Amino acid sequence: RMMSACKQFGVFLLCSEAFRNLLSPQAKEKFRHIDTCTVKGSSKKQRVFTYDARHLSINFFLHVESQDYSPEIWKTDQDLKAMRRHITPEFEAKFNAGRNLYLNSNWKAAI
């Protein structure tokens, strides 16, 4: 269900809060909270996240075995950094402010 909602949110990747909680603190920082919703068959509200990355024109491949990666990769890997170059602190602040207004039902201010 989560992946079928990607089109609705206009993103390539969605993940649940349960999945995000399995990640290192450094990885968690890179996931953007885009909505809080109740999924079909549940009455519990769940936070939904995406990972913003543009991969077009980035020539990357995994050149290290997965067991050799550390949480620092999010800050040091040139390919990961290049894929997120378009995500600025200003974008994050503005998006988070709008999302919070939306989640608090302040529709006019959220737009």
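Here are three short exercises with worked solutions on this predicted model.

**Exercise 1.** Work out which strand holds aspartate 35 and which residue stands opposite.

*Solution.* Start with the strand: aspartate 35 sits in β2, which covers residues 31-38. Next, look across to β3, residues 45-51, which runs antiparallel to β2 and is joined to β2 by 7 bridges. Facing aspartate 35 there, you'll find valine 48. Finally, follow the chain from one strand to the other: β2 and β3 make a hairpin with 6 residues between them. Have a look at glycine 41 in that turn, with its positive phi of about 90 degrees.

**Exercise 2.** Find out how aspartate 35 is placed with respect to charge: is there a salt bridge, and what surrounds the residue?

*Solution.* First, check burial: aspartate 35 is buried. Then hunt for a partner of opposite charge. The nearest such side chain belongs to arginine 99, 7.7 Å away. A salt bridge needs the charged atoms within 4 Å, so aspartate 35 goes without one. Now list the contacts, skipping neighbours within four places in sequence: Phe9, Gln46, Arg47, Val48, Arg99, Tyr102 and Leu103.

**Exercise 3.** Track down the largest nonpolar core and see what supplies it.

*Solution.* Begin with the members, 7 in total: Cys15, Phe31, Phe49, Tyr51, Ile73, Leu80 and Met83. As for where they come from, β3 and α5 (78-83) each contribute at least two. Now zoom in on phenylalanine 49. Beyond four places in sequence, its contacts include Cys15 and Phe31, along with Leu13, Leu14 and Ile34. Last step: there's also a second, separate core of 6 residues, among them Ala5, Cys6, Val11 and Leu14.

Conventions. Residues numbered from 1 in each chain as written. Predicted model: local features only at pLDDT ≥ 70, side-chain atom pairs only at ≥ 80, totals over all residues. Heavy atoms only, no water. Helix = DSSP H or I, 4+ residues; strand = E, 2+ residues; numbered from the N terminus. Buried < 20%, exposed > 50% of the residue type's maximum accessible area, 1.4 Å probe, protein only. Lys, Arg positive; Asp, Glu negative; His and termini not counted. Contact = heavy atoms within 4.5 Å. Pairing = 2+ DSSP bridges. Core = buried A, V, L, I, M, F, W, Y, C linked by side-chain atoms within 4.5 Å.
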